[in-house]
Amino acid sequence: MLGRTDVYVTIYVILGQGGQGTVYKGILPDSSVVAIKKSRLGDSSQVEQFINEVLVLSQINHRNVVKLLGCCLETEVPLLVYEFINSGTLFDRLHGSMSDSSLTWEHRLRIAVEIAGTLAYLHSSASIPIIHRDVKTANILLDENLTAKVADFGASRLIPMDKEQLTTMVQGTLGYLDPEYYNTGLLNEKSDVYSFGVVLMELLTGQKALCFEKPQQSKHLVNYFASAMKENRLHEVIDGQVLNKSNQREIHEAARIAVECTRLMGEERPRMKEVAAQLEALRVTKTKHEWSDQYPEPEVNEHLVGVEILSAQGDTSTTGYDSIKNVTRLHIEAGR
């Protein structure tokens, strides 16, 4: 659809409004449902951000990034047309009107893995490395299978970038914004890592990144979460809907990763590639334990012995073993 001038979209309901304009639900002549982002009238900066989003998304091909289907930048009010994601945002699911108990720990861990893998892809594996610069639960869409789709690339930048451009473009959202930004005026890959850490804390706690209605000590989720972790009272802040005896170790490990991502100094934070690998390993370990619980121990041991014998004989079992070792790398790099 990009570049075509003969496609018309019927707009009929508002999906949401934000700093970068209004998003509508629309329908194409072939009855396909789409989402249309419309910039604010008379705001020249919106046009620049819309053009930037087209440039950035043209470099991305990943299953967990919302697809840009078309655009119109020559009209008085620019329009961007995206695939329609029908289950709202992660913010809606955790804090809004769509909040419910159906978002299990398994769902939350998978969503965290998908977001982390997407950011790792943007930083390390895209044709031109990209910094998102506004990672937050409101910019994570969920489809009918609760698969994460990272959206809203109007603030994103291709790297390497010149520092003058970075300092003149104020972006980010309070509660998610890298604290180093206040001193340097710069946002980089480690800024995305910080923002992701906040999102991971939201998944673990079910609490908002910033809530002024709460007492002083718990207004900012990062500080509240880090204090609870340090004082060995993590159970007080984890969402009671997800915490149970069987997943305490996984949740504690995910909490540790979240705290590392939100360290004050960017140089002390891990890279997104490392974060994605750790979360993927955590999910693989969880799946392995669940599988083991379904079978008696003797049967599992017999199977493993069989694998070792076949491997020693040069059977294709070794290929399967190598594929397991490379699960994390494939998850990060396999953009579609």
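Here is a friendly exchange about how some labels in this predicted model are earned.

User: Before the details, what makes up the secondary structure of the protein?

Analyst: The secondary structure comes to twelve helices and nine strands. Of the 336 residues in the protein, buried ones make up 45%.

User: Why is Asp 178 called buried?

Analyst: Asp 178 has 2% relative accessibility. Buried means under 20%, so Asp 178 counts as buried. Its place is in the loop between α4 (163-168) and α5 (181-184).

User: How do you know that the side chain of Asp 178 makes a polar contact with the side chain of Arg 269?

Analyst: The two side chains come to 2.6 Å. The limit for such a pair of N or O atoms is 3.5 Å, so the value of 2.6 Å for Asp 178 and Arg 269 meets that distance limit.

User: Which residues is Asp 178 in contact with, leaving aside its neighbours within four places in sequence?

Analyst: That list holds Leu 187, Lys 190, Ser 191, Tyr 194 and Arg 269. Helix α6 covers residues 189-205, and Lys 190, Ser 191 and Tyr 194 carry numbers in that range.

User: What makes α6 largely enclosed by the rest of the structure?

Analyst: It comes down to burial: 15 of the 17 residues of α6 are buried, so the helix is largely enclosed. Helix α3 (residues 105-124) can be read in a similar way, since 17 of its 20 residues are buried, so α3 is largely enclosed too.

User: How do you know that the reach of α6 is close to what is expected?

Analyst: With 17 residues, α6 reaches 25 Å from its first C-alpha to its last, and 24 Å is expected at 1.5 Å a residue. For α3, with 20 residues, the reach is 28 Å and the expected value is 28 Å.

User: What caps the N-terminal end of α6?

Analyst: Asn 188 does: one of its side-chain oxygens lies 3.0 Å from the backbone nitrogen of Lys 190. Just after α6, Gly 206 takes a positive phi of about 75°.

User: What makes the enclosed space lined by Asp 178 count as a cavity?

Analyst: A cavity is a place where a 1.4 Å probe fits but cannot get out. The count comes to one cavity of 30 Å³ or more, and the largest has a volume of about 50 Å³. Its lining includes Asp 178, along with Leu 187, Ser 191, Asp 192 and Ser 195. Arg 133, Asp 134 and Val 135 are also among the lining residues.

User: Why are β2 and β3 said to pair?

Analyst: Pairing needs at least two bridges, and six join β2 (residues 21-27) to β3 (residues 33-38), so these strands qualify. They run antiparallel. Val 23 has Lys 37 as its bridge partner, and Thr 22 has Lys 38. The two strands form a hairpin with five residues between them, and Ser 31 in the turn has a positive phi of about 75°.

User: How do you know that β3 also pairs with β5?

Analyst: The requirement is at least two bridges, and β3 and β5 (residues 79-83) have five, so they pair, in the antiparallel sense. Lys 38 stands opposite Leu 79 in β5.

User: Why is Cys 71 called partly exposed?

Analyst: Cys 71, in strand β4 (residues 68-72), has 28% relative accessibility. Partly exposed lies between the 20% and 50% limits, so Cys 71 gets that label. Its C-alpha is separated by 9.1 Å from that of Phe 50, 21 residues apart along the chain.

Key. Residues numbered from 1 in each chain as written. Predicted model: local features only at pLDDT ≥ 70, side-chain atom pairs only at ≥ 80, totals over all residues. Heavy atoms only, no water. Helix = DSSP H or I, 4+ residues; strand = E, 2+ residues; numbered from the N terminus. Buried < 20%, exposed > 50% of the residue type's maximum accessible area, 1.4 Å probe, protein only. Polar contact = N/O pair within 3.5 Å; in protein donor to acceptor, adjacent residues only side chain to side chain. Contact = heavy atoms within 4.5 Å. Expected span 1.5 Å × (residues − 1). 1 Å grid on protein atoms, 1.4 Å probe; cavity = no way out; pocket = protein on both sides within 12 Å on 5 of 7 lines; lining within 4 Å. Points joined across faces, edges and corners; volume = space filled by probe spheres on them.
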